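Student: Could you take me through a close look at one part of this model, namely its strands and how they pair? I would like one connected account with the cut-offs spelled out.

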Amino acid sequence: MLLSGMPPFHAFVDNPVMLAWVHTSHPARKGSSPLPPSFRASIDALARRYQREALQAGVTSFKQRSVDRDWVTEQMSAQGVATARILSKDFALQHLRDVLEGIDACVIKPKDAHSSRGVLSLKRIDAITFNCLQERRPMRLVEILEHLYSEMREHQFPNHWQLEELLLPPSGLLRPVDDFKFYAFRGHSALVLQVARSQQGQRYRWYDRDWCPVDTGKYDGALDPALLPPRNPHALLAVAEKISANLPVPFCRVDLYETQQGVVLGELTAVPGTYHAFGAQADSYLGAMFELAI
C-alpha cells in the first residue's frame with residue numbers, strides 16, 4: 001500500500017526531498033506552479049461532501065454515523081475495541097440529581113460533545129458532593145449545575161446530556177485520562193495529538209507514528225514537552241490503525257484513551273476542529289497522506 005511507504009513526519013521535516021513529488025511541476029499548467037497537497041483543502045472538500053450527503057434523502061453520511069453512539073459501539077464491538085459504558089443516555093440538566101442517584105463515579109457531558117466543553121468527571125463524596133477531577137476540588141451539586149448551565153449558555157449546547165463511566169489512567173490516580181487523537185488514513189496514522197486536561201486548562205503534545213515528538217504549528221502556545229507519553233504506545237497505535245483500516249472513508253481522527261482497563265475508544269471525529277491551523281509542512285504532509293488514501 002502506498003501509505004506504508006510514507007516517511008514519518010519527523011523524517012519528512014528533516015529531509016523534505018523525501019516527498020519531492022508533492023512539489024512536482026505539471027507541464028499542462030504552462031508556467032504556473034501547481035499547489036502542493038493540502039490537508040485543509042482536502043478536509044474542506046470532505047466536509048462539503050458530508051454537508052451535501054446530509055441533504056440527500058435516504059443517505060446517511062459517515063459524519064452522521066460517527067456521532068451515533070449506538071452505531072459506533074456496534075462497530076467497535078465487532079472489532080473487539082472497548083468503548084466507555086453509557087450510564088444514562090439522554091436527560092435534561094433539571095433531572096441531574098435523579099440521574100446521579102446511586103452512581104458513585106461518572107463523566108457528565110453534552111450528548112453530542114466533541115470537545116472538553118461541558119465535560120465534568122465526578123467521584124461521589126456524599127449525597128450532594130462530588131470530587132471533580134478537572135477542578136481538583138469538591139463540588140456540591142448546585143455548583144455542578146451552575147457550571148453546566150453556564151457552559152450550555154456560552155457554547156449553545158442543547159439541553160441533552162449523558163453520563164458515561166469514569167475512566168482512570170493506568171496509574172489509578174484520580175485525574176482525567178489523557179486523550180490520544182490519531183490522525184489516521186486508511187489504517188495508517190500520520191500524527192498523534194496528546195491532550196491533558198487540568199485545572200489550569202488543556203496542554204498538548206504532538207508525536208508522529210514513531211512516537212517522536214514533533215511540532216506541527218498547531219497549539220504552539222500550549223505545547224508541553226513535560227507531558228509523559230503513553231505507557232503502551234504500540235497498543236494505542238495498533239488499535240487506532242485497526243479502527244481506521246475498517247472505516248469507509250479516507251480520513252478519520254480516532255480518539256483513544258489509555259486506561260486501567262486498557263485502550264478505550266473515546267470517539268470517531270470525521271472532521272477535526274481547527275484543521276486549518278497546521279503549519280505549512282504539516283498541512284502539506286497530511287495533504288499528501290490524504291491524496292494517497294483516496
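Tutor: Here is a walk through the strands, beginning with an open sheet. Happily, the ground rules are brief: this is a predicted model, where local features need pLDDT of at least 70, side-chain atom pairs count only at pLDDT 80 or more, and totals for chains, interfaces and linings use all residues. Residues are numbered from 1 along each chain as its sequence is written, and side-chain values use heavy atoms, with hydrogens and water left out.

The open sheet has 6 strands in the order E2-E7-E3-E4-E5-E6, with antiparallel pairing. Strands here are DSSP runs of E with at least two residues, helices are runs of H or I with at least four, and both are numbered from the N terminus; two strands pair if DSSP finds at least two bridges between them. Strand E2 (86-91) and strand E6 (137-140) are at the edges, and each has a single partner strand, so one side of each is left without a neighbour in the sheet. On average, neighbouring strands of this sheet are turned by 30 degrees against each other, direction ignored. Axes are lines fitted to C-alpha atoms, for helices over the stretch in contact, and angles between N-to-C directions run from 0 to 180 degrees.

Within this sheet, E3 (residues 105-110) and E7 (residues 161-164) run antiparallel and are joined by 4 bridges, with Ile108 opposite Leu163 in E7. Helix H6 (residues 141-155) packs on the sheet and touches E3, E4 (120-126), E5 (129-132), E6 and E7, where contact means heavy atoms within 4.5 Å. The direction of H6 makes about 85 degrees with that of E6.

Now to strand E13 (residues 262-269): 7 of its 8 residues are buried, so E13 is largely enclosed by the rest of the structure. Buried means under 20% relative accessible area, exposed over 50%, and partly exposed in between, using a 1.4 Å probe and protein chains only. E13 pairs in the parallel sense with E1 (residues 82-83) over 2 bridges, and Ala82 stands opposite Val264. E13 also pairs with E12 (residues 252-259), in the antiparallel sense over 7 bridges; Asp255 has Glu267 as its bridge partner. A hairpin is formed by E12 and E13, with 2 residues between them.

Finally, E9 (residues 188-198) and E10 (residues 201-208) run antiparallel, joined by 8 bridges, and Ser198 is partnered by Gly201. E10 pairs antiparallel with E11 (residues 213-214) over 2 bridges, with Tyr207 opposite Pro213. The hairpin of E10 and E11 has 4 residues between the strands, and Trp211 in the turn has a positive phi of about 60 degrees.
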